Each structure stands twice: as structure tokens, then as C-alpha cells.
Amino acid sequence: MDAISRGNAGQVLAALKTPPPILGPEGSRITVNETVGKFSFLYERIRNSVEYKDEHLIRKAAIQRILKRQLILESNPTVISDRLIRELIAARYLPNATLPESIIDDVAVRVRKFMAVSRINAGGERHAEWLKGIISVEIEELLVDATQEKALVTFLYERLADRIRVRGATLDETERRLQVYVASYRSLVKADDDMLGFKLLRAYLPEWLRSDEWIANPRPIAERLVAVHLRIRGRLGHPLAQRFLRVVKPWAVSLAILKDVLVEAKGEAGMVLDKPELLQTKLSQKAEERYAQAKAKLRRGTVRAMVYLLITKMLIALVVEVPIERWWYGHVGIFSLVVNMLFPPLTMLFVGILIKVPGQDNTNRLKAGVMELLSGNPITEREIRVPAARRGMTGFLFGLAYAATFLLSFGLVAALLDLLEFTWVSSIMFMFFLCVVSFFGFRLRQTAREVVVVEGRQSLFSVFVDFLSLPILRAGQWLSTSISRLNIFLFIFDFIFEAPFKLFLTVLEEWFAFMKEKKDELQ
């Protein structure tokens, strides 16, 4: 076992030092009425149930959603910022009576520069949506301290940057190191494209952070943003990005486990690092806790996915299948209707039950990863092998075979449904649910595998299952992405219900404040 380097151990300990929260004077902290907060929190729970998002992205999504609405209703950046922060506090995305009122002006600076470049309209609709995602990340980083995450990512990157090589492709050194950095962020803090896009934006266009220099004339920055956006898309969508992510993941999970151990140890963290045997014991215990947490997260994800499917997908069967079958055939197939209604939630339930947590081999690999990171020796070099490009006849034949898998998979399902006497309407609905639920199950499996760093062996049966399920998963991915943009329930919540409801809560809070003032006058 390699000895622990005091320098590496000290860097990790320094990264875990949490700065004190930014607090203003007692009377100048942003406070939201608790009663209003309960209503808002309940609304957010209901609203989030009809939009399936990973838990760590919900707050950012809420910032973007509130910001979109406020930009339509209001033109004053300070008012928008004040309402945004208060809504986030009311919904319990931010702590109550903690943030200083001065932070409203800081958020307003971000909103003002977004409004300035948006008015130029230099890019299309996709560019405008990207900008909203970027500004939402920037606001979240201002409101929620991420110093610890940044320091840990920096440590992970510095340990791995020179230890990952690429074979089979010519990759510029700068690009290679950038992909290691991106993979470190993705694997350690589960950063999405918006979060990573903001990191790269600060590097490619540092003037973005100095809005006072260009806010009076935003056109040059707005036009450069379009080119920077395309450049960032290229970096994040690099063909080797997933391969870098797979190589970095084992050390990222190991570092996350180490962080949990040291945070729990608090003042005794240094002592734990000085005793390798004690560290090994605590790493094993924390790994088991992580497995239990992954299982609990899997259960929550299963329930959320079932609710999401129940609300947004099963009602489609009643709205579409029943009227069309009654009009086309003169009757409704009860058996097929019941199957289509029960299939999605029951399938999700079985998927959640069948997914297994890691074993001892995984724990041993995590502990070895921690010791590698803390060791004074260089980490074992890893190599990414790029498969040879398939061109000409080989590429054509592989493409043809891949297309044949779609025909085979959906053909077998269609044949089974025909035996069960499903109509063409109920068959389409069943295939629709099959694709969407299969993709949700795959997403849940990935959630459970966040702590898995030891790949299991592939059997002949698993290869056969992958062969048949891949077309269904790809179709489910496309359907989930497409339908999420057309989610009628989100439209009802965001544009019909949310605006008047939040206006009511604002008026209610002002009324409570008014009553408090009158009560204070009695003293």
C-alpha cells in the first residue's frame, strides 16, 4: 500500500474547509413568511413530480423557470432579482433569513447583462435558451457556495491530467487536458452541460464577468457569445467525452467517498489521514452507507418516475386510445387498455426491485482509488483506445445490421401484440410506453451505478438482451426528449397556474408584512 502524501492529504483537507456563510446584519436578511413558504414548497413538490429531473439539478431548473416567468412579467432587473430570490427561499431551495439583502443587487447585475445581450438577438432560439441556462448557473453559484466542489475538482484534475492518454487518434494536448477537466466535473459533481458551459464561458470569454465594461454597448459581446456557444458545444460534445468520463469515474467516486469520511470526522480528519488502517475501516463503512443511499435514491427515483408516468403518460392512453378505438372500431378493447395503463408503473416497480447494489470488489476498488489519490506517487497511467473508423463497405454493413436490430426488436413486440389481439391503436400505445419506460429504467440503473467502479462480466445472455433492447432504449430516449418539450402538464403549471398562484403568494406575504407593521405600532 502506497504511503499517504502529506501534500496531497493537506490539499484535500484544505478543499473541505467550508467558508462561513455570507450574512448581513440581523435586520437586513431576506426573510419570507413561513406560511407562504409552506404553500410554495408544496407547489414545487407537486410541480416537480410532472417533470423528471435529477435531484441535484432541480434548484437550477427552478431558477431558470422562475427567471423566464419574471422576464415576461417585469422589466426591472432589481425587481426580478428580488422576486427570484424570495421565490427560491419560499420553495426552500435557499435558507430563510440568511442571505443579505445586498445580494439582490448582485443578482440584478447578472439579470441586467442577460437582458442586454438578449435584446441584440444575435443568435437563434436555441442560443437564447442556452443563455438562460448559463445565467441560471451563474446566479446559482452566486447564491450557493461551491468553493468546496471547485477545490475537489481541481485536486482530482491535477492528479489525473497527465495520467490519461489517448491511442488511435490525434488529440491536441490542450484538448486532452480539457476533456480530463470536463470529465472530472461531470463525474465528481454531476455537472450538466449548462454548468460546464458556464465554466468554459469564463475561460473563453472572460469579459462576460466584467459587464460594467460593455453593458452600455453589448452588441460586440452578444455577437461573440454566438461563436463561443458553438465552440463550447464542440468541446462538450467531443466524440471521446464519454470515454474520458468512464476512465475518470473510479477516482471521482473514490474521492467522493473520502470527502464523506473526512467531513464526518470534522476536527479529527487529520488524525484519520495519519492512520491508514483507520482510514481503510472508515472508507469501508462509508462505502456501505453510500450503497444504502444509492438504494434509497433508487426507491425515490422509482416512485418519482412512476408518478411522472402516471400523470403525464397514462392519461394519454385515456385521452387518445379510448376515443380513437371507439371511433375506428366502435368499441374499446378493455384488456389492451388495462395492460397499457398498468404496464408503465408495474414495469418501473420491477426495475427498481431488480437493480442490485455493488459488492465487496467495488469497495476494494474504491479504497485502492483513495490510496492512489493520496499517495505521493503518480497515479497509474490509463489509456483511452479509440476504435478504428468504419468506412466503406464495413461501415455500410454495420449500419445495415444496426438498422436490422430495430426491425427485429419492434417486429417481435408487434408479433406478440398481434397474438394478444391488440388493435393498431393499442399496439402503438404499448410500444410508446415500452420505449419510454425502458429508457426510464435505464436512467434509474445509471443512478444506482453512480457508485459502481467495477464493471461486471458480460454473459451471452446479457449480450443478447442488449442486442434486442438497444433500439428500444434509443427510441425511448428520443421520445422522452421530444415529449418533455410538449408536456401539457408543465404548460398548465408554468403558464396557466404558476403565475397567478405566485402572484397570490406575493400579495399574501405583503399582507402578512402589513399586519406585522400594524401590530408593531401597538407596542
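**Exercise 1. Find which residues make up the nonpolar surface patch of about 790 Å².**

Solution. Let's go step by step.
- Look at the surface of this predicted model and pick out I334, V338, L342, L346, L349, F350, I353 and L354, which make the nonpolar patch of about 790 Å².
- Take I334 as a sample and place it: it lies in helix 14, which covers residues 334-354.
- Now check how open I334 is. Its relative accessible area is 57%, and exposed means over 50%, so I334 counts as exposed.

**Exercise 2. Describe the chain as a whole: how many helices and strands does it have, and what share of its residues is buried?**

Solution. Start with the secondary structure and then go to the surface.
- The chain comes to 19 helices and two strands.
- Of its 523 residues, 45% are buried.
- On the outside, the chain exposes about 28000 Å², and carbon and sulfur atoms supply 61% of that area.
- For contacts between residues at least 6 apart in sequence, 82% join residues at least 24 apart.

**Exercise 3. Work out what the salt bridge between K199 and E141 ties together.**

Solution. First, a bit of background: side chains of opposite charge can pair when their charged atoms come close.
- Check the distance. The closest N and O atoms of K199 and E141 are 2.5 Å apart, and the cut-off is within 4 Å, so the pair qualifies as a salt bridge.
- Locate both ends. K199 sits in helix 9 (residues 193-204) and E141 in helix 6 (residues 125-143), so this pair ties together parts that are 58 residues apart in sequence.
- Ask how covered each end is. K199 is buried at 10% relative accessibility, while E141, at 22%, is partly exposed.
- Put the pair in context: the count for the model comes to 28 salt bridges.

**Exercise 4. Do the same for D260 and R290: which helices does their salt bridge connect?**

Solution. Follow the recipe you just used.
- The closest N and O atoms of D260 and R290 are 2.8 Å apart, and the two form a salt bridge.
- D260 belongs to helix 11 (residues 241-265) and R290 to helix 13 (residues 276-329), so the pair links parts 30 residues apart in sequence.
- D260 has a relative accessible area of 18%. Buried means under 20%, so D260 is buried.

**Exercise 5. Find the network of salt bridges that includes R177, and describe where R177 sits.**

Solution. Build it up from the members.
- Salt bridges that share partners join D162, R165, E173, R176, R177 and E381 into one network.
- One of the pairs involved is E173 with R165, whose side chains meet at 3.9 Å, N to O. E173 is partly exposed at 39%, and R165 is partly exposed at 30%.
- Now turn to R177. You'll find it in helix 8 (residues 173-189), partly exposed at 27% relative accessibility.
- Set aside the neighbours of R177 within four places in sequence, and its contacts are Y157, A161 and D162.
- Finally, compare positions: R177 and D162 are 15 residues apart along the chain, and their C-alpha atoms are separated by 7.8 Å.

**Exercise 6. Decide whether helix 11 and helix 15 are roughly parallel or roughly perpendicular.**

Solution. You need the angle.
- Helix 11 packs with helix 15 (residues 360-374) at about 85°, and their axes are 8 Å apart.
- Angles of 65 to 115 degrees count as roughly perpendicular, so that is the label for helix 11 and helix 15.
- Then see who makes the contact. Helix 11 brings P250, W251, V253, S254, L255, I257 and L258. Helix 15 brings R365, L366, G369, V370, E372, L373 and L374.

**Exercise 7. Look at three loop residues, R92, N121 and E455, and say where each one lies.**

Solution. Take them one at a time.
- R92 is in the loop between helix 4 (77-90) and helix 5 (103-120). Its phi is near 70°, a positive value in a residue other than glycine, and R92 is partly exposed at 49%.
- N121 is in the loop between helix 5 and helix 6. Phi of N121 is near 55°, again positive in a non-glycine residue, and N121 counts as exposed at 57%.
- E455 is in the loop between helix 17 (424-448) and helix 18 (460-484), and counts as exposed at 61% relative accessibility.
- One last step: E455 and N362 are 93 residues apart along the chain, and 8.8 Å separates their C-alpha atoms.

How values were computed. Residues numbered from 1 in each chain as written. Predicted model: local features only at pLDDT ≥ 70, side-chain atom pairs only at ≥ 80, totals over all residues. Heavy atoms only, no water. Helix = DSSP H or I, 4+ residues; strand = E, 2+ residues; numbered from the N terminus. Buried < 20%, exposed > 50% of the residue type's maximum accessible area, 1.4 Å probe, protein only. Patch = residues over 30% accessible without salt bridge, like charges linked within 9 Å, V, L, I, M, F, W, Y side chains within 5 Å. Areas by Shrake-Rupley, 256 points an atom, 1.4 Å probe, with all protein chains shown as cover. Axes fitted to C-alpha atoms, helices over the stretch in contact; angles between N-to-C directions. Parallel < 35°, antiparallel > 145°, perpendicular 65-115°, else oblique. Contact = heavy atoms within 4.5 Å.
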